[in-house]
Amino acid sequence: MWKTAISTHVGTKALVRGYELEELVGNLTFTEAIYLVLKGELPTEKERKMLDVMFVATIEHSIAPPSVIAARAVISGGNSLNVGVGAGILAFGSAHGGALEDIMKLLQENINKTAEEIVREYLSQGKRIPGFGHRFFKDFDPRAKKILSYAKELGFYGKYCQLAEDIEKEIEKQKGKKLVMNVDGAIAAVASEMGFDWRLGKGFFIIGRVPGLVAHTYEELFEKPFSKRLDEEKDVEYLGKEHRKLPEEYKNRW
Ligand SMILES: CC(C)(COP(=O)(O)OP(=O)(O)OC[C@H]1O[C@@H](n2cnc3c(N)ncnc32)[C@H](O)[C@@H]1OP(=O)(O)O)[C@@H](O)C(=O)NCCC(=O)NCCS
């Protein structure tokens, strides 16, 4: 028997979390409907606004990340839009998007520990602390800063945000180098304040970033097929064997 608490069909009516879908259409914003399917209840205006801030912060971040490279490379191989978007989603991992889930788990499971203990534990095991560090942002991640400032304004700044900020300070103290709280770290802290389970972490990134991936995939459909390939002269350093001859004993054997 399959079980679900998300939606059902009664006669001709679809009920989403108990509400008639028809009634939701035109009354709820997309973000409010997302909150409803994920959480099971309607959001307050503040919850809606907070989620909007988080999703917009995630929506796009250039052609460079692994997910966009994957999506565009797959389209370049002659595939259709859904295959490209799917490939992009498959590229989300612990260094890209998936960190959101890892830091949400870290914050939720370690809320009773101090930042000092958490950072020491990670660094002593040579592990990276998810949600911190960024290739370009070295002073602060403007997306994270904005998310936290809205969290304060809308009443979602609590123990998880505080712990995340303490971890940022503690990394600098213990590592002697600043690693900024990135967008994943800030979303993870606020989503935890809003009562979302860490197992939904990657879901937040997927929901937020898929529009960007669709746009990239669509754009790539109009590029020359096979254009997303490496130039072996410029982009590749070959580290293998020099040109060599196949030994005679391997030739003409069957
Ligand atoms: C995002 C990330 C890949 C950016 O990397 P980067 O700025 O290019 O930094 P590098 O990989 O060159 O690492 C630089 C140094 O900082 C360390 N470092 C970087 N991020 C770290 C982290 N989150 N925790 C601990 N150490 C970290 C590296 O080990 C390296 O240390 P070293 O100088 O002693 O060798 C990296 O910070 C990371 O893996 N962060 C955690 C995952 C994450 O939050 N991803 C979401 C990004 S939006």
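**View 1. Arg-135 and the ligand's oxygen, up close.** In this predicted model, an N or O atom in the side chain of Arg-135 sits 3.1 Å from an oxygen atom of the ligand. Asn-182 gets involved too: one of its polar side-chain atoms lies 2.9 Å from an oxygen atom of the ligand. Phe-132 works through its backbone instead, with an N or O atom 2.8 Å from a nitrogen atom of the ligand. As for how much of the ligand gets covered, it exposes 860 Å² when taken alone, and the protein buries 70% of that.

**View 2. The shell around the ligand.** Here we pull in the 17 residues around the ligand; those that come nearest are Ile-129, Gly-131, Phe-132, Lys-138 and Asn-182. Sorted by class, the shell is a real mix: six nonpolar, five polar and six charged residues.

**View 3. The largest pocket, with the ligand in place.** The ligand takes up space that turns out to be the largest pocket. That pocket holds about 1,200 Å³ of space. Its lining counts 34 residues, and Ala-95, Gly-133, His-134, Arg-135 and Asn-182 are the closest to the pocket's centre. Two of those names should ring a bell from the first view: Arg-135, with its side-chain N or O atom 3.1 Å from a ligand oxygen, and Asn-182, with its polar side-chain atom at 2.9 Å from a ligand oxygen.

**View 4. Helices along the largest pocket.** Four helices each chip in at least two lining residues: H6 (99-109), H7 (115-124), H10 (183-193) and H11 (201-220). Going by class, you'll find 14 nonpolar, 10 polar and 10 charged residues in the lining of the largest pocket.

**View 5. Over to the second largest pocket.** This one has about 200 Å³ of space. Of its 13 lining residues, Ala-144, Lys-145, Leu-148, Glu-165 and Glu-168 are the closest to the centre. Helix H8 (142-154) and helix H9 (159-175) each supply at least two residues of the lining, and H8 gives the most, with five. The class split for this lining reads five nonpolar, one polar and seven charged residues.

Conventions
Residues numbered from 1 in each chain as written. Predicted model: local features only at pLDDT ≥ 70, side-chain atom pairs only at ≥ 80, totals over all residues. Heavy atoms only, no water. Near = heavy atom within 4 Å. Polar contact = N/O pair within 3.5 Å; in protein donor to acceptor, adjacent residues only side chain to side chain. Areas by Shrake-Rupley, 256 points an atom, 1.4 Å probe, with all protein chains shown as cover. 1 Å grid on protein atoms, 1.4 Å probe; cavity = no way out; pocket = protein on both sides within 12 Å on 5 of 7 lines; lining within 4 Å. Sits in = over half its atoms within 2 Å of the grid points. Nonpolar A, V, L, I, M, F, W, Y, C, P; charged D, E, K, R; others polar. Points joined across faces, edges and corners; volume = space filled by probe spheres on them.
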